[in-house]
Amino acid sequence: MDADVPGTVLKRERTRDAVLELIESRSPGDAIPSERALCSLLGVSRPTVRAAVDELVAAGLLVREHGRGMFVAPAKITQELVAGDRSLTVPQAAGAWASRLLEFTTLQAGARVGRKLRMSPAAEIVYVARLRLVDGAPMAIEHLHIRAELVPGLSAQELESGDLYEHLRATHGVHVHEAVQAIEPTVVTRAEATLLDVPELSPALLFERLTSDTSGHPVEYVHSLYRGDRYRIVSRLALGPAAEVAPDREGHHPGIPPGDFAHGDSITSSTRGDIQTGA
């Protein structure tokens, strides 16, 4: 690396790129050289290396372990959004997804959820809170609000295993058809941080989704919190026609549970704010 590159900002950017190259040449869990070794290797000062490393740690690409050193972080779970002519198809994300039930109860909708679901505030909903895990690691907290009259006898087992929308269709005769989803950046509270195994005020992505059935009636309102250090969104823009490919019907859509959507029904996506995705 050229040690004489003028300008602190440019020097830091070159240092960041050099460390990023080291990360990309290794596998998750592999060690990278110490900050002192990086100074010697790259020909830059300790503050410049520290600033670049801090940025990569904050981006979830590096992990510092006290007394052990620095290591390549686990790979991020990537959600790809693909724009179609009239709808948004959502490919599955990587990893083995599972759920752990945190809360499961029936209560009154209240004013806000009642407005979302177009029902009386006094009407009953099923409220579900569940922790979503990928390969055993906590990834997201989901809060589901489902119209109670649609899911009599809904069980905890349906919420912890399998495809929730498949259960709704097969067991309760509810066919979801369309979801309007918004995504925006946020930070986690202390309680959320404990569940997700991240520091308090860590960055996260907030998903809000309203799902409707084939008649256009609201079925559920969901808000979910996904770890910002392990999850990113990639948008693929279609610039011309392409041959049709049969959809993969297995896997999990972060933010959107699999179900009728995987069988070709449309999804409408609305995004609030800009999402900056990592490398």
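Helices in this account are DSSP runs of H or I with at least four residues, and strands are runs of E with at least two, both numbered from the N terminus. On that basis, the chain of this predicted model holds seven helices and 13 strands. The chain has 279 residues, of which buried residues make up 42%. Its exposed surface comes to about 14700 Å², with carbon and sulfur atoms supplying 51% of that area. Among contacts between residues at least 6 apart in sequence, 61% join residues at least 24 apart.

The interior may be approached through its nonpolar cores. The largest nonpolar core has 17 residues, and those that touch the most other members are Val19, Ile23, Leu38, Leu56 and Leu62. Two or more residues are given to this core by each of helix H1 (8-24), helix H2 (35-42), helix H3 (46-58) and strand S3 (69-72). Helix H1 gives the most, with five residues. Ile23 illustrates how such a member is placed: once its neighbours within four places in sequence are left aside, Ile23 is in contact with Leu56, Leu61, Leu62 and Val72. Apart from this core lies another, of 15 residues, which includes Ala148, Val151, Leu159 and Leu164.

Two of those named residues, Ala148 and Val151, are also touched by Val126. Val126 has its place in strand S7 (residues 124-134). Val126 counts as buried because its relative accessible area is 5%, and the cut-off for buried is under 20%. Not counting residues up to four places away in sequence, Val126 touches Phe104, Thr105 and Thr106, and further along the chain Leu144, His145, Ile146, Ala148, Val151 and Leu154. Another spatial reference for Val126 is Ala109, which is 17 residues away in sequence and 8.6 Å away in space, C-alpha to C-alpha.

Aromatic rings form a further part of the picture. A pair of aromatic rings is described by the distance of the centres and the angle of the planes. A search of the whole structure finds four aromatic pairs. One of them joins Phe207 and Tyr231, with 5.8 Å from centre to centre and 55° between the planes. This pair is classed as tilted because its angle is 55°, and tilted pairs are those that are neither under 30 degrees, as stacked pairs are, nor over 60, as edge-to-face pairs are. The pair links distant parts of the chain, since Phe207 lies in strand S10 (residues 203-213) and Tyr231 in strand S12 (residues 231-236), 24 residues apart. Phe207 and Tyr231 are both buried. Tyr231 also pairs with Tyr226 in a tilted arrangement, with 4.9 Å between the centres and 35° between the planes. Tyr226, like Tyr231, is buried. Together with Trp97, the residues Phe207, Tyr226 and Tyr231 form one aromatic cluster.

Charged side chains complete the account. The count of salt bridges comes to 15. In one of these, the side chains of Glu35 and Arg64 meet at 3.1 Å, N to O. The bridge links distant parts of the chain, with Glu35 in helix H2 and Arg64 in strand S2 (residues 62-65), 29 residues apart. Glu35 is buried, with a relative accessible area of 6%, whereas Arg64 is partly exposed, at 37%. Both residues belong to a network of salt bridges that also links Arg46, Arg50 and Asp54.

Two other salt bridges join residues with other accessibilities. The side chains of Glu65 and Arg68 meet at 2.4 Å, N to O. Glu65 is partly exposed, with a relative accessible area of 32%. Arg68 counts as exposed because its relative accessibility is 57%, and the cut-off for exposed is over 50%. A further bridge joins the side chains of Asp229 and Arg227, with an N to O distance of 2.9 Å. Here Asp229 is partly exposed, with a relative accessible area of 23%, while Arg227 counts as buried at 10% relative accessibility.

Conventions:
Residues are numbered from 1 along each chain as its sequence is written. This is a predicted model: local features need pLDDT of at least 70, side-chain atom pairs count only at pLDDT 80 or more; totals for chains, interfaces and linings use all residues. Side-chain values use heavy atoms; hydrogens and water are left out. Rings of Phe, Tyr and Trp (its six-membered ring) pair if their centres lie within 6.5 Å; planes under 30 degrees apart count as stacked, over 60 as edge-to-face and the rest as tilted. Buried means under 20% relative accessible area, exposed over 50%, partly exposed in between (1.4 Å probe, protein chains only). A nonpolar core is a set of buried Ala, Val, Leu, Ile, Met, Phe, Trp, Tyr and Cys residues joined through side-chain atoms within 4.5 Å. Contact means heavy atoms within 4.5 Å. Accessible areas come from the Shrake-Rupley method with a 1.4 Å probe; for residues, only the protein chains shown count as cover. A salt bridge is a side-chain nitrogen of Lys or Arg within 4 Å of a carboxyl oxygen of Asp or Glu.
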